[in-house]
Amino acid sequence: MTLTVVTSQSNGSGQLDWEEFQGLWEKFRKWTYIFVKFDKNKSKSLDHREITPALTAAGLRVDEFVIQLISMRYMEPDMTVSYPGFLQLLLKLDTMILASHDDVQLRELFRVWDALQSPRVQE
Ligand SMILES: [Ca+2]
């Protein structure tokens with residue numbers, strides 16, 4: 001799972017340089033900490049009450065619209081987000097925000113992403 005995530009982050013070359021790898025590693029550490037912290041009932045998944053504060057702690061603005069999109073794409077049938085799902089979700093959001101190079105709201109990024117229905121969002 002981790003390798004899949006790392007590969008999807010690379011800029012088309014299929015390889016990460018050392019700085020990119022370090023940056024990713026730091027993010028995964030931070031996001032793992034957030035996941036554990038906000039999994040209040042220790043179920044090893046984030047339910048709909050846990051996911052919003054967890055995303056907020058990761059520095060993302062979320063509203064009902066965003067949560068709905070997340071639930072469509074990242075939630076398990078029992079309406080929870082698993083640990084790998086949480087990392088993939090944050091990596092996707094992080095990549096989209098970096099790719100935008102400006103202050104476009106997360107909501108708009110989600111709109112574009114949803115419209116494209118593509119795993120890659122290039123500028
Ligand atoms: Ca939980």
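A residue is called buried if 20 or more other C-beta atoms lie within 10 Å of its own, exposed if 12 or fewer, and partly exposed in between, with C-beta atoms placed from the backbone. The model is predicted: local features need pLDDT of at least 70, side-chain atom pairs count only at pLDDT 80 or more, and totals for chains, interfaces and linings use all residues. Residue numbers start from 1 along each chain, following its sequence as written.

**Whole chain**

Colour the protein chain by pLDDT, the predictor's confidence in each residue on a scale from 0 to 100. The mean is 76, and 67% of the residues reach 70 or more. Select residues 1-10, where pLDDT stays under 50 and the model has 13 contacts beyond four places in sequence; two residues are in contact if their C-beta atoms, placed from the backbone, lie within 7 Å. Then select residues 118-123, where the pLDDT is also below 50 and the stretch has 9 contacts beyond near neighbours in sequence. Where pLDDT is low, the predicted coordinates should not be read in detail.

Switch to a cartoon view. Helices (H or I, at least four residues) and strands (E, at least two) are DSSP runs numbered from the N terminus. The protein chain has 6 helices and 2 strands, arranged from the N terminus as α-α-β-α-α-β-α-α. Of its 123 residues, 17% count as buried. Among contacts with a separation of 6 or more, 50% join residues 24 or more positions apart.

**Helix 2**

Select residues 18-38, which form helix 2. At 1.5 Å a residue, its 21 residues should span 30 Å, and the end C-alpha atoms are 30 Å apart, which agrees; the expected span is 1.5 Å times one less than the number of residues. Show the side chains of Trp31, Ile34 and Phe35, the buried residues of helix 2. These three cover an arc of only 100 degrees around the axis, which puts them on the same side of helix 2. The arc is that of the directions from the helix axis to the C-beta atoms. An α-helix has 3.6 residues a turn, so residues three or four places apart point the same way. Now rotate to the face turned away from the buried side of helix 2, where the exposed residues include Trp18, Trp25, Arg29, Tyr33 and Lys37.

**The loop from helix 2 to strand 1**

Move on to Lys42, which lies in the loop between helix 2 and strand 1. Lys42 has a positive phi of about 55 degrees although it is not a glycine, and it counts as exposed with 7 C-beta neighbours inside 10 Å. Ser43, in the loop between helix 2 and strand 1, is exposed with 11 other C-beta atoms within 10 Å. Draw a distance from Ser43 to Thr80: the C-alpha atoms are 9.7 Å apart, while the residues are 37 apart in sequence. Lys44 belongs to the loop between helix 2 and strand 1. Its phi is positive, about 60 degrees, although Lys44 is not a glycine, and with 11 C-beta neighbours inside 10 Å Lys44 counts as exposed. Most residues other than glycine have a negative phi.

**Helix 3 and the core**

Select helix 3, residues 48-57, and highlight its buried residues Glu50, Ile51, Ala54 and Leu55. They cover an arc of only 125 degrees around the axis, which puts them on the same side of helix 3. Display their packing partners: helix 2 (18-38), strand 1 (45-47), helix 4 (64-74) and strand 2 (80-82).

Centre the view on Ala54. Leaving aside its neighbours within four places in sequence, Ala54 is in contact with Ile34, Phe35, Phe38 and Leu46. Which residues have the most contacts inside the largest nonpolar core? They are Ala54 and Phe86, in a core of 16 residues. Such a core is a set of buried Ala, Val, Leu, Ile, Met, Phe, Trp, Tyr and Cys residues joined through C-beta atoms within 7 Å. Helix 2, helix 3 and helix 5 (83-100) each supply at least two residues of this core, and the largest share, 4 residues, comes from helix 5.

**Beyond helix 3**

Finish with the residues that follow. Gly59, just after helix 3, takes a positive phi of about 90 degrees. Is Val62, in the loop between helix 3 and helix 4, buried or exposed? Val62 is buried, with 20 other C-beta atoms within 10 Å. Beyond four places in sequence, Val62 is in contact with Thr52, Leu55, Thr56 and Ile67. The C-alpha atoms of Val62 and Thr52 are 6.9 Å apart, with their positions 10 residues apart in sequence numbering.
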